[in-house]
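Visitor: Please give me a close look at the aromatic ring pairs, and then place them in the rest of the chain.

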Amino acid sequence: MSCIKKQAMMEPLVDTVDQKQIVTNCHLLKTMDISKMVLGDASFTAPFKLIAERDDYTHAFVAYFDVSFTKCHKLMGFSTGPRSRATHWKQTVLYLEDVLTICEVETIIGSMTVAPNKKNPRDVDIMVKYSLSGRRCVVSRVQFYKMH
């Protein structure tokens, strides 16, 4: 199976993540108002800082979205996050090449770049740069993903 590992790691997994598996705080990457978006707004680079809430291992980053309907008489919305009630959208799991050993209050810093694929705009290209300088783990890496 090692021959397909690289290809498998490049494709994010859409699945339900148990909230007990989340090791860090959450970090908002981007706010989008779809009523005001123009061509190109779906492409972005956003920095992040994730702080460990306990000693544990980090195998992946988990991405999700929150929705607010603000043009209604009554404000409505929902979250697709792992700490919210489940929806059919689930979460997007971006597996890491390294398993990170992280201790409480240690910080993973990095950035995520998201853009429609140039050949097929329905696919999404994702680049994650991250680093951790912890007591038990020191790593700095760039990973690329392609979401179909």
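Guide: The account below starts with the whole chain, turns to the ring pairs, and then follows their surroundings outward.

The model is a predicted one, in which local features need pLDDT of at least 70 and side-chain atom pairs count only at pLDDT 80 or more, while totals for chains, interfaces and linings use all residues. Residues are numbered from 1 along each chain as its sequence is written, and side-chain values use heavy atoms, with hydrogens and water left out.

The protein contains one helix and nine strands, where helices (H or I, at least four residues) and strands (E, at least two) are DSSP runs numbered from the N terminus. Their order from the N terminus is α-β-β-β-β-β-β-β-β-β. The C-alpha trace spans about 50 × 35 × 25 Å along its principal axes. The radius of gyration is 16 Å, which agrees with the value near 15 Å for a compact globule of 148 residues; the radius is taken over C-alpha atoms, and the globule rule is 2.2 Å times the number of residues to the power 0.38. Of the 148 residues, 31% count as buried, buried being under 20% relative accessible area, exposed over 50% and partly exposed in between (1.4 Å probe, protein chains only).

Now the rings. Rings of Phe, Tyr and Trp (its six-membered ring) pair if their centres lie within 6.5 Å; planes under 30 degrees apart are called stacked, over 60 edge-to-face, and the rest tilted. This rule gives five aromatic pairs. One of them is the edge-to-face pair of Phe-65 and Trp-89, at 5.7 Å centre to centre with 70° between the planes. Phe-65 sits in the loop between strand S3 (56–63) and strand S4 (66–69), and Trp-89 in the loop between strand S5 (76–79) and strand S6 (91–102), so this pair ties together parts that are 24 residues apart in sequence. Phe-65 is partly exposed at 36% relative accessible area, and Trp-89 is partly exposed at 40%.

Trp-89 also pairs with Phe-78, here stacked, at 5.3 Å centre to centre and 10° between the planes. Because Phe-78 is in strand S5 and Trp-89 in the loop between S5 and S6, the pair ties together parts that are eleven residues apart in sequence. Phe-78, at 27% relative accessibility, counts as partly exposed. Ring pairs join Phe-65, Phe-69, Phe-78 and Trp-89 into a cluster.

Strand S5 also holds Ser-79, which is buried at 16% relative accessible area. Its side chain makes a polar contact of 2.5 Å with the side chain of Asp-66. A polar contact is a pair of N or O atoms within 3.5 Å; within protein, one must be able to donate a hydrogen and the other to accept it, and residues adjacent in sequence count only if both atoms are side-chain atoms. The side chain of Ser-79 also reaches the backbone nitrogen of Gly-81 at 3.0 Å. Leaving aside neighbours within four places in sequence, the contacts of Ser-79 (heavy atoms within 4.5 Å) include Phe-65, Tyr-64 and Thr-87.

Next comes the nonpolar core, a set of buried Ala, Val, Leu, Ile, Met, Phe, Trp, Tyr and Cys residues joined through side-chain atoms within 4.5 Å. The largest such core has 21 residues, of which Phe-61, Leu-100, Ile-108, Val-128 and Tyr-130 touch the most other members. Strand S2 (44–51), S6, strand S7 (107–116), strand S8 (124–133) and strand S9 (138–147) each supply at least two residues of this core. Beyond its neighbours within four places in sequence, Ile-108 contacts residues including Phe-48, Phe-61, Leu-100 and Tyr-130.

Asp-98 lies in strand S6 and is partly exposed, at 23% relative accessible area. The side chains of Asp-98 and Arg-141 form a polar contact of 2.6 Å. Among the contacts of Asp-98, neighbours within four places in sequence aside, are Thr-58 and Tyr-130.

Last, the cysteines. A disulfide is a covalent bond between the sulfur atoms of two cysteines. The cut-off used is a pair of cysteine sulfur atoms within 2.5 Å, and the whole structure has zero disulfides. The sulfur of Cys-103 has that of Cys-137 as its nearest cysteine sulfur, 9.4 Å away, which is too far for a bond. Cys-103 is buried at 0% relative accessibility, and Cys-137 is buried at 12%.
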